[in-house]
Amino acid sequence: MKLLRNTVIVLVLLVIALWLAIKVPAVQNHVYERAIKMRLFATLQEEKEDTLSATVCGSGSPLASNSAQACILIKAGEDLYVVDVGDGSVANLSRWNTPFEDVKAVFITHNHSDHISDLADLHLMTWVTRERESKLTVYGPEGIEDVTKGFEMTYKHDYEFRNAHHGDLVTPLDVVGFNPITIQDESVIFDNGDLQVTAFRVEHEPVDPAYGFRFDYKGRSIVISGDTNYSTNLIKNSQKADVLFHEAISLDLTRRMSKTLADLGEEFDNNIARYGSKIFTDIENYHATPLEVAEIASLSNVDMLVYYHLTPTPQPPIDKIMADIIFRGVDENFSNWEYAIDGTKVILPINSKKIIFNK
Ligand SMILES: [Zn+2]
Ligand SMILES: [Zn+2]
């Protein structure tokens with residue numbers, strides 16, 4: 001009994017001492033420096049194995065959620081490629097200590113806002129202190145030049161202010177801005193000997209053209225759907241890929257939301273209630289349903305299917321319930337599937353059939 005009492009007293013004294021210690025400026029400085037070192041150390045310790053990997057930097061859709069919008073970071077060997085860059089995705093990449101100097105190019109599936117809105121931040125992160133040798137290369141569909149020119153015009157003053165403040169060493173004006181490359185049609189749009197990126201058309205009318213991308217690296221492969229309805233062309237281009245990342249819309253959930261909004265619209269004078277129902281009906285015809293996606297994965301003979309860019313996106317505290325509703329019946333059509341959240345990572349080591357999945 002006495003031992004227990006003494007132990008409690010010692011513990012209480014320790015907690016008080018710790019609480020007092022973290023109020024001391026020198027201790028606070030030390031803790032902060034240590035945290036910075038640990039963060040940098042984590043970055044420098046990144047795996048050196050030769051792999052093709054995909055990290056979901058944005059799993060969400062334009063519907064309000066805590067997830068960033070569409071974004072997948074592809075790593076092929078030491079090089080990085082960003083596929084779509086929706087709102088919040090660059091904040092994710094920054095939080096994860098992404099070595100932005102390794103970003104070789106950006107691939108945009110289509111010019112919807114939830115796929116391009118963070119381009120300015122990605123540009124900033126790959127420009128300041130990154131010793132970039134040229135402007136940021138952005139592959140995209142027709143219209144991509146308008147998009148990059150628009151960002152350059154909007155950020156012209158920002159570029160000048162930063163250069164005036166930090167100088168050419170840190171913020172060189174000769175490589176500021178974008179190098180847009182318009183995808184002409186379906187083809188291998190990038191090939192550095194080890195990595196081939198193929199663009200293929202998908203169904204997202206009235207957005208036309210809209211593309212999906214296939215990444216082939218030393219015998220491993222990842223396909224990213226972009227936004228699409230059921231697409232036979234995607235099935236053709238995904239054949240025997242290791243992993244297919246595919247978007248989806250849950251009509252079960254959107255129709256429920258639509259009905260709730262329509263009911264509310266009759267009760268309240270509110271724009272979301274008034275127009276939300278129409279928007280949900282409009283978007284039904286340009287996304288694939290989870291069951292269609294399972295069928296697509298099966299017909300594509302892929303090893304693994306990862307749902308991403310879900311409309312709506314499962315959100316805590318009811319994420320598990322939402323996921324149960326969204327994926328009802330999927331198991332019967334395709335067994336090896338998962339759905340992505342921000343940070344989900346798939347690693348494919350070369351000379352192997354292994355698929356490492358981390359949620
Ligand atoms: Zn989208
Ligand atoms: Zn879209």
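# A tour from strand 11 outwards

Begin by selecting strand 10 (residues 220–224) together with strand 11: the two run parallel and are joined by 3 bridges. The model on screen is a predicted one. Within this pairing, look for I222, whose bridge partner in strand 11 is V243.

**Strand 11 and strand 12**

Now keep strand 11 alone. Are its residues buried or exposed? Of its 7 residues, 7 are buried, so the strand is largely enclosed by the rest of the structure. Colour its two sides separately. V243, F245, E247 and I249 lie on one side, while L244, H246 and A248 lie on the other, and all are buried. In a regular strand, side chains alternate between the two faces of the sheet.

Add strand 12 next. Strand 11 pairs with strand 12 in the parallel sense, over 6 bridges. One place to zoom in is A248, which has L310 as its bridge partner in strand 12.

**The nonpolar core**

Select I72, I222, V243, F245, L305, V306 and Y307. In the largest nonpolar core, which has 79 residues, these touch the most other members. Which element gives this core its largest share? Strand 12 does, with 6 residues.

Stay on Y307 and show its surroundings. Setting aside neighbours within four places in sequence, Y307 is in contact with H246, A248, P290, V293, W337, Y339 and A340. Two of these, P290 and V293, lead to the next stop, as they are among the buried residues of helix 10.

**Helix 10 and its approach**

Select helix 10 (residues 290–300). Its buried residues are P290, V293, A294, I296, A297 and S300. Viewed down the axis of helix 10, these buried residues fall within an arc of 160 degrees, so they line one face of the helix. To see what they pack against, show helix 7 (232–237), strand 11 (243–249), strand 12 (304–311), helix 11 (319–326), helix 12 (330–333) and strand 13 (337–339). After helix 10 comes N301, which has a positive phi, near 55 degrees.

Go back to T289, in the loop between helix 9 (271–282) and helix 10. T289 has 18 other C-beta atoms within 10 Å and is partly exposed. Where does T289 make contacts beyond its neighbours within four places in sequence? They are with A248, I249 and L251. T289 and A248 are 41 residues apart along the chain, yet 5.2 Å separates their C-alpha atoms.

**The open sheet**

Move to the sheet of 8 strands. It is open, its order is 6-5-4-3-2-1-14-15, and its pairing is mixed. At the edges stand strand 6 (178–182) and strand 15 (356–358); each has a single partner strand, so one side of each is left without a neighbour in the sheet. On average, neighbouring strands here are turned by 20 degrees against each other, direction ignored.

Within the sheet, pick strand 2 (residues 71–76) and strand 3 (residues 79–83), which pair in the antiparallel sense over 5 bridges. L73 stands opposite V82 in strand 3. Then add helix 6 (residues 144–166), which lies across strand 5 (136–140) and strand 6 and runs at about 165 degrees to strand 6.

**The whole chain**

Finally, zoom out and colour by domain. The domain assignment gives domain 1 (2–34) and domain 2 (48–250 + 289–358). Taken over C-alpha atoms, the centres of domain 1 and domain 2 are separated by 46 Å.

Conventions
Residues numbered from 1 in each chain as written. Chains lettered and ligands numbered in written order. Predicted model: local features only at pLDDT ≥ 70, side-chain atom pairs only at ≥ 80, totals over all residues. Domains from an automatic or database assignment. Buried ≥ 20, exposed ≤ 12 C-beta atoms within 10 Å, placed from the backbone. Helix = DSSP H or I, 4+ residues; strand = E, 2+ residues; numbered from the N terminus. Arc of directions from axis to C-beta. Contact = placed C-beta atoms within 7 Å. Pairing = 2+ DSSP bridges. Axes fitted to C-alpha atoms, helices over the stretch in contact; angles between N-to-C directions. Core = buried A, V, L, I, M, F, W, Y, C linked by C-beta atoms within 7 Å.
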